[in-house]
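Welcome, and thank you for stopping by. Please take a look at the model below before reading on.

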Amino acid sequence: MTETKVSAGTGEPGAAGEISTDVRVWRELLARHADIGCALDRELQSHGLGMSEYEVLERLAEMPEQSAKVQTIAGSVHLSQSALSRVIGRLETAGLVERHMCTEDRRAINVRLTDEGLIRQTEAASTHRRVLADRLHAPLLKSCDGE
């Protein structure tokens, strides 16, 4: 991508307060991510889930035996280890996952989707897909402002 600089206020190149095209695109990407994340959090609440909880359930649903090491999940959901632990704790309290010792590596913990967790993920999947389709192909909306 080229580094065309644009004035922050006017969009005219070369003025004070210039913003490069890369920075503008980056900011648009961040805004789109925030918009979709807020919309997902809001819509998935009807299933008793937030976006992070849904993502963990979905990743487990895709795994063989619907079970995976915590480290494997962490590599795919883009959460810190501590944030993932809190998400798994909430899911476990809700009866949607269960933790157990990994039989291949006693130092590792596996997380397994429960029957109720699979049902909840399956029910929420259409909401998740609808929000993605609506937001990825639409003009940017301000979903965190209560829209």
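What follows is a short tour, from the whole chain to a few chosen residues.

**Before we start**

This is a predicted model, in which local features need pLDDT of at least 70, side-chain atom pairs count only at pLDDT 80 or more, and totals for chains, interfaces and linings use all residues. Residues are numbered from 1 along each chain as its sequence is written, and side-chain values use heavy atoms, with hydrogens and water left out.

**The whole chain**

The chain holds five helices and five strands. Here helices (H or I, at least four residues) and strands (E, at least two) are DSSP runs, numbered from the N terminus. If you walk along the sequence, you meet them in the pattern β-β-α-α-β-α-α-β-β-α.

Of the 147 residues in the chain, 36% are buried. Buried means under 20% relative accessible area, exposed means over 50%, and partly exposed is in between (1.4 Å probe, protein chains only). The chain exposes about 8,900 Å², an area that comes from the Shrake-Rupley method with a 1.4 Å probe. Carbon and sulfur atoms supply 55% of that area.

Contacts (heavy atoms within 4.5 Å) also tell us something about the fold. Among those between residues at least 6 apart in sequence, 50% join residues at least 24 apart.

**Two helices that meet**

Two packed helices are described by the angle between their axes and the distance between the axes. How do helix 2 and helix 5 pack? Helix 2 (residues 51-62) and helix 5 (residues 115-136) pack at an angle of about 115°, with their axes 10 Å apart. That makes helix 2 roughly perpendicular to helix 5, a term for angles of 65 to 115 degrees. The axes are lines fitted to C-alpha atoms over the stretch in contact, and angles run from 0 to 180 degrees between N-to-C directions.

The crossing of these two helices is left-handed, meaning that the near helix is turned anticlockwise from the far one by less than a right angle. On the helix 2 side, the residues that meet helix 5 include Tyr54, Glu55 and Leu57. Among their partners in helix 5 are Gln121, Ala124 and His128.

Glu55, in helix 2, is worth a pause. Leaving aside neighbours within four places in sequence, Glu55 is in contact with Val77 and His128.

**Five residues compared**

Is each of these residues buried or exposed? The table gives the values.

| Residue | Relative accessible area | Class |
|---|---|---|
| Glu55 | 18% | buried |
| Ser80 | 40% | partly exposed |
| Gln66 | 25% | partly exposed |
| Glu65 | 72% | exposed |
| Asp115 | 66% | exposed |

**A loop with positive phi**

Glu65 lies in the loop between helix 2 and strand 3 (67-69), and Gln66 lies in the loop between helix 2 and strand 3 as well. Phi of Glu65 is near 60°, a positive value in a residue other than glycine. Gln66 is not a glycine either, yet has a positive phi of about 50°.

Gln66 also leads us back to helix 5, where Asp115 is found. Asp115 and Gln66 are 49 residues apart in sequence and 9.9 Å apart in space, C-alpha to C-alpha.

**One last stop**

Ser80 sits in the loop between helix 3 (70-77) and helix 4 (81-93). What does the side chain of Ser80 reach? The side chain reaches the backbone nitrogen of Ala83 at 3.1 Å.

How values were computed. A polar contact is a pair of N or O atoms within 3.5 Å; within protein, one must be able to donate a hydrogen and the other to accept it, and residues adjacent in sequence count only if both atoms are side-chain atoms. Angles under 35 degrees count as roughly parallel, over 145 as roughly antiparallel, 65 to 115 as roughly perpendicular and the rest as oblique.
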